[in-house]
Amino acid sequence: MAKPHVTMEVGNDGVAVVTLINPPVNALAIPIISGLKEKFDEATRRNDVKAIVLTGKGGRFSGGFDINVFQKVHATGDISHVPDVSIELVINTIEDCKKPVVAAVEGLALGGGLELAMGCHARIAAPKTQLGLPELSLGVIPGFGGTQRLPRLLGLTKAIEIMLLSKPIMSEEGKKLGLIDAIVPSQELLKVSRQWALDISERRKPWLRSLHRTDKIGSLSESRDVLKAARQQAKKIAPNMPQHQACLDVIEEGIIHGGYNGVLKEAKVFKELVLTETAKGLVHIFFAQRMTSKIPNVTDVGLKPRHIKKVAVIGGGLMGSGIATAFIVNNIHVVLKEINSEYLQKGTKTIEANVRSLVTRGKLTRDKADKALSMLKGALDYSDFKDVDMVIEAVIESVPLKQKIFSEIEKICPPHCILATNTSTIDLNLVGEKTSSQDRIIGAHFFSPAHIMPLLEIVRTEKTSAQAILDLMTVGKTIKKAPVVVGNCTGFAVNRAFFPYAQSAQLLVHLGVDVFRIDRLISSFGLPMGPFQLQDLSGYGVAVAVGKEFANAFPDRTFQTPLVDLLIKNGRNGKNNGKGYYIYEKGSRPRPDPSVLPIIEESRRLANIMPNGKPINITDKEIVEMILFPVVNEACRVLDEGVVVRASDLDTASVLGMSFPSYRGGIVFWADLVGPKHVYDSLKKWSQRFGNFYKPSKFLEERATGGIPLSAPASSSSSGSRSRM
């Protein structure tokens with residue numbers, strides 16, 4: 001592959017066309033930045049150049065700064081890897097150039113790409129070009145002048161929205177708002193841009209430096225009102241992250257003290273933010289998600305994925321209907337099979353409701369919704385299974401029932417058909433025991449609600465073929481899921497690592513800690529809700545069933561709570577019937593139910609584990625750690641047993657499957673930031689006080705005492721990996 005570089009061609013018209021070349025998105029790598037400086041200096045010096053057009057090769061302007069540089073900074077702690085682009089290149093070289101510069105923008109201009117374009121004296125765009133500054137989603141702020149120029153070109157309110165929400169706009173909207181000067185067909189983009197640049201040089205069009213404009217900013221008091229409202233919004237949407245408030249501070253600096261001072265402050269704050277834990281976490285998870293598609297002996301052996309056109313889903317309950325929805329809205333035909341017409345009708349209605357809710361939320365147009373529903377067919381037998389490419393079984397967690405279904409479908413489905421199960425806990429070897437097609441048997445573990453949650457755990461056994469894994473990974477991406485390949489064990493990767501989460505919360509309650517305090521603290525740590533509200537949401541039946549599975553698999557480290565049974569006896573079933581730890585009423589937020597407290601007291605009396613019968617004294621920080629460190633401990637066992645290919649896969653899965661806060665980088669990454677030694681010492685201390693539930697794993701002990709990060713790859717002598725087989 002050609003190295004990233006910049007070219008310059010000078011036409012007979014006296015226009016130098018400077019082109020960024022770094023496929024696929026012309027990221028602004030270090031050689032591109034130095035190449036730009038070089039070509040602009042040359043164009044400025046040359047007497048035959050009257051004006052300059054800046055563009056990107058391959059139908060894309062630029063996707064922004066090369067964030068591999070951030071990884072380098074995080075690995076070394078050396079911020080000097082980040083070049084000075086804002087002043088040296090964007091202001092001194094482009095904006096203050098003695099010759100007019102026009103950006104010819106197509107495909108996308110994001111982050112640093114849009115910031116370069118805003119430094120030019122005009123912007124001409126092709127239709128449907130994406131424009132945005134998504135830097136806050138990586139824990140930093142725009143660092144090449146974007147915080148100053150975007151408000152000056154668009155107006156403050158819209159500019160803040162684009163930056164704070166990392167929400168791009170299209171060139172058509174950009175033209176209406178004044179960010180883009182003209183929209184022209186792709187094939188005329190360079191011609192029109194060249195002419196525009198010449199028109200500026202001959203004073204037929206205005207020569208505008210956006211950093212010096214103030215006409216769209218409004219008065220100081222108006223700006224302060226807009227910023228104040230934005231600060232309130234940022235507190236709500238990003239309470240634990242520094243970059244949102246920092247971005248608003250930098251915008252305000254420019255409004256009060258002028259654009260140049262704003263740019264100086266922006267460059268300083270940008271470098272400070274790159275080194276924060278938030279940026280480290282968000283950059284880590286960005287790369288971790290991309291790594292999940294690299295699976296040794298599957299994606300690197302020259303196999304081609306087969307096209308999956310038709311899928312059968314067995315079982316139209318909550319999971320089955322969600323899975324069917326995910327396929328039909330992505331143009332894949334689905335046969336939904338149920339055992340009787342009443343259940344089938346119910347399943348179909350749920351799918352229709354799912355699709356309608358996507359329309360209501362603006363995620364799907366009416367036409368696409370109608371098309372999606374036309375791709376669904378109901379069935380009460382297997383006659384439509386003769387030409388399906390994949391079957392996903394989503395019935396209740398019963399081994400005999402699943403075995404019966406798999407031996408039936410093996411006889412009817414074509415020989416290439418993938419036979420998948422959506423079980424969340426049952427061993428796949430048991431599911432496929434009665435079949436002779438064990439190379440086609442695979443787990444497709446969706447998370448509820450299946451048409452919304454982004455994670456798809458792909459569970460392989462020792463016999464699953466590489467082709468079946470590749471096909472499921474590919475179809476996973478087609479239905480807009482993030483596929484993570486994992487090994488076969490109770491709970492697989494995510495549910496296995498997180499089974500201590502609910503149990504440690506129960507354990508703390510029985511040690512005398514308030515239920516609602518726990519939920520409040522876990523929410524403020526960054527999870528969408530605490531463990532008790534989550535239990536209310538998923539229903540107590542699930543808690544009982546899952547609890548049994550894990551108690552059987554790991555009897556040495558489970559806490560069996562009497563509380564859930566007491567709640568069920570009391571006629572509670574969480575959100576399902578409006579009564580749980582919280583009261584659920586239509587149209588209002590869940591609120592703590594004081595009448596649950598006597599039930600909790602009764603459960604504490606039955607469990608009888610409070611030291612000397614008195615509630616323990618515990619800080620807020622200790623509560624969060626006593627709930628999450630056992631999860632880290634189990635994650636260590638998952639890594640040690642090779643259930644995931646790499647530690648970062650478990651980080652991705654924890655963020656996408658369990659909504660662990662992405663800005664903390666995932667469960668393993670977060671534990672490494674906290675420090676394996678602190679995690680180990682804490683668990684050891686608690687295990688001495690409260691028993692085996694907290695006993696540190698061998699893997700954690702080795703890593704903590706050896707000063708090795710939990711995420712470091714295991715040495716080749718460690719136990720065989722189940723996810724790589």
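This report walks through a predicted model of one protein chain, from its overall build to a few local details.

## The chain as a whole

Let's start with the big picture. The chain has 725 residues and a radius of gyration of 29 Å, which agrees with the value near 27 Å that a compact globule of this length would have. Laid along the principal axes, the C-alpha atoms fill a box of roughly 85 × 65 × 55 Å. The secondary structure comes to 29 helices and 19 strands.

Buried residues make up 55% of the chain. The accessible surface is about 30900 Å², and carbon and sulfur atoms hold 54% of that. As for how the chain folds back on itself, take the contacts with a separation of 6 or more: 74% of them join residues 24 or more positions apart.

## An enclosed strand: S4

Strand S4 covers residues 101-105, and five of its five residues are buried, so the rest of the structure largely encloses it. Both faces are covered. Val101, Ala103 and Val105 sit on one side, with Val102 and Ala104 on the other.

S4 also has partners. Strand S3 (residues 51-56) pairs with S4 in the parallel sense over three bridges, and in that pairing Ile52 stands opposite Val101. Strand S6 (residues 122-125) runs parallel to S4 too, joined to it by four bridges. There, Val105 of S4 faces Ala125 of S6.

## A small sheet with a helix across it

Next comes an open sheet of three strands, ordered S5-S7-S8 with mixed pairing. Its edges are S5 (108-110) and S8 (169-170), each of which pairs on one side only.

S7 takes in residues 130-132 and pairs with S8 in the antiparallel sense over two bridges. Leu131 is the residue standing opposite Ile169 of S8. Helix H4, residues 112-119, lies across S5 and S7 and runs at about 95° to S5.

## The annotated C-terminal domain

An unreviewed UniProt entry lists a "3-hydroxyacyl-CoA dehydrogenase C-terminal" domain at residues 491-584 and 623-703. In the model, residues 491-584 are 61% helix and 2% strand, with the end C-alpha atoms 30 Å apart. Residues 623-703 are 73% helix and 0% strand, and here the end C-alpha atoms lie 24 Å apart.

## Helix H27 and its neighbours

Helix H27 (residues 667-674) is mostly covered, with six of its eight residues buried. Which ones are they? The buried residues of H27 are Ile667, Val668, Phe669, Trp670, Ala671 and Asp672. So the list includes an aspartate, Asp672, as well as an aromatic pair in Phe669 and Trp670.

These buried residues pack against quite a set of helices: H12 (277-291), H19 (494-510), H20 (515-525), H25 (620-640), H26 (647-658) and H28 (676-690). Straight after H27 comes Gly675, with a positive phi near 110°.

## Cis peptide bonds

Two cis peptide bonds are worth a look. One joins Pro23 and Pro24, with omega about 5°. Pro24 has its place in the loop between strand S2 (15-21) and helix H1 (30-45).

Another joins Ser448 and Pro449, where omega is about -10°. Pro449 belongs to the loop between strand S15 (441-446) and strand S16 (455-459).

## Asparagines with positive phi

Asn297 isn't a glycine, yet its phi is positive, at about 65°. This asparagine lies in the loop between H12 and strand S10 (310-314). H12 turned up earlier as one of the helices that the buried residues of H27 pack against. Is Asn297 buried or partly exposed? Its relative accessible area is 48%, which makes Asn297 partly exposed.

Asn612 is another residue other than glycine with a positive phi, near 55°. Its loop runs between helix H24 (597-607) and H25. H25, too, is among the helices packed against by the buried residues of H27. At 77% relative accessibility, Asn612 counts as exposed.

Definitions and conventions:
Residues are numbered from 1 along each chain as its sequence is written. This is a predicted model: local features need pLDDT of at least 70, side-chain atom pairs count only at pLDDT 80 or more; totals for chains, interfaces and linings use all residues. Side-chain values use heavy atoms; hydrogens and water are left out. UniProt positions are given in the numbering used here, feature names are shortened, and annotations may be inferred rather than shown by experiment. Two strands pair if DSSP finds at least two bridges between them. Contact means heavy atoms within 4.5 Å. Axes are lines fitted to C-alpha atoms, for helices over the stretch in contact, and angles run from 0 to 180 degrees between N-to-C directions. Buried means under 20% relative accessible area, exposed over 50%, partly exposed in between (1.4 Å probe, protein chains only). The radius of gyration is taken over C-alpha atoms; the globule rule is 2.2 Å times the number of residues to the power 0.38. Accessible areas come from the Shrake-Rupley method with a 1.4 Å probe; for residues, only the protein chains shown count as cover.
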